[in-house]
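This briefing goes through one protein chain, topic by topic. Please keep the sequence and the model open while reading.

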Amino acid sequence: YFKMDPENYDSYGGIEHAEYCFQHYASSDTCLSAFKAPLDPSTVLGGFSGNNYSEASAFIITYPVNNAIDETSKENRKAVAWEKAFIQLAKEELLPMVQSSNLTLSFSSESSLEEELKRESTADVVTIVVSL
């Protein structure tokens, strides 16, 4: 709602501008994203009822990463490396920081499901071996 520029916060009207954009996200040019797309508040806010976006208790951030279909490509390796660094940052730095402020951080990545399936299948192997 501020075109990805913190300096626009005051010049656009601060929180009043955000509240206006929550209700008019598709009809006002000043509420369009920096990429000229409407930003539906329900895609970035959570924990509110009805259209009471100002009462949101959650904020959602999405980082799109371009990963190529070819798993051996340079671009795909960069995406995988970025994802691993993100997970490490979230676990080791962000999570303790938010917990010390009595907040909750939840995060996921494209590989989260794959990693969880690997972890679960490894745990299941031990259970199966012991039961045999």
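The largest nonpolar core has nine residues: Tyr1, Phe2, Ala18, Cys21, Phe22, Cys31, Val44, Leu45 and Tyr53. Helix α2, which covers residues 14–24, gives the most to this core, with three residues. The model is a predicted one, and the points below are grouped by topic.

**Overall layout**

- Four helices and two strands are present in the protein chain.
- Along the sequence, these elements of the protein chain come in the pattern α-α-β-β-α-α.
- Of the 132 residues in the protein chain, 20% are buried.
- The protein chain exposes about 10200 Å², and carbon and sulfur atoms supply 57% of this area.
- When contacts in the protein chain between residues at least 6 apart in sequence are considered, 26% of them join residues at least 24 apart.

**Core residues Cys21 and Leu45**

- Cys21, one of the residues of the largest nonpolar core, touches Tyr1, Thr30 and Cys31 when residues up to four places away in sequence are not counted.
- Two of these partners, Tyr1 and Cys31, are listed in that core along with Cys21.
- Leu45 belongs to the core as well and is found in strand β1, residues 45–46.
- Leu45 has a relative accessible area of 11%, so it counts as buried, the cut-off being under 20%.
- Apart from residues up to four places away in sequence, Leu45 touches Phe22, Tyr53, Ala56, Ala58, Phe59 and Ile60.
- Among these partners of Leu45, Phe22 and Tyr53 are members of the core.
- Leu45 and Ala58 are 13 residues apart along the chain, and their C-alpha atoms are separated by 5.5 Å.

**Surface patch and the loop between β2 and α3**

- Phe59, Ile61, Tyr63, Val65 and Trp82 form a nonpolar patch on the surface, and together they have about 560 Å² of accessible area.
- Phe59 of this patch is also one of the residues that Leu45 touches.
- Ile61, another member of the patch, lies in the loop between β2 (58–59) and α3.
- Ile61 counts as exposed because its relative accessibility is 54%, and the cut-off for exposed is over 50%.
- Thr62 has its place in the loop between β2 and α3 too.
- With a relative accessible area of 63%, Thr62 is exposed.
- The C-alpha atoms of Thr62 and Ser109 are separated by 9.8 Å, with their positions 47 residues apart along the chain as the sequence separation.

**Helix α3**

- Lys78 is placed in helix α3.
- Its relative accessible area is 53%, so Lys78 is exposed.
- Lys78 and Val65 are 13 residues apart along the chain, and 9.3 Å separates their C-alpha atoms.
- Val65 is also one of the residues of the nonpolar surface patch.
- Glu83 lies in helix α3 as well, which spans residues 74–100.
- Glu83 is buried yet has no salt bridge, and the nearest side chain of opposite charge, that of Lys84, is 8.1 Å away.
- The cut-off for a salt bridge is a side-chain nitrogen of Lys or Arg within 4 Å of a carboxyl oxygen of Asp or Glu.
- Outside its neighbours within four places in sequence, Glu83 is in contact with Ser109, Glu110 and Ser111.
- Ser109, one of these contacts of Glu83, is also the residue whose C-alpha atom is separated from that of Thr62 by 9.8 Å.

**Positive phi values**

- Lys3 is not a glycine, although its phi is positive at about 55°.
- Lys3 is found in the segment before α1 (8–12).
- Asn102, a residue other than glycine, also has a positive phi, near 60°.
- Asn102 lies in the loop between α3 and α4 (110–131).
- The relative accessible area of Asn102 is 72%, so Asn102 is exposed.

Conventions:
Residues numbered from 1 in each chain as written. Predicted model: local features only at pLDDT ≥ 70, side-chain atom pairs only at ≥ 80, totals over all residues. Heavy atoms only, no water. Buried < 20%, exposed > 50% of the residue type's maximum accessible area, 1.4 Å probe, protein only. Lys, Arg positive; Asp, Glu negative; His and termini not counted. Contact = heavy atoms within 4.5 Å. Patch = residues over 30% accessible without salt bridge, like charges linked within 9 Å, V, L, I, M, F, W, Y side chains within 5 Å. Areas by Shrake-Rupley, 256 points an atom, 1.4 Å probe, with all protein chains shown as cover. Core = buried A, V, L, I, M, F, W, Y, C linked by side-chain atoms within 4.5 Å.
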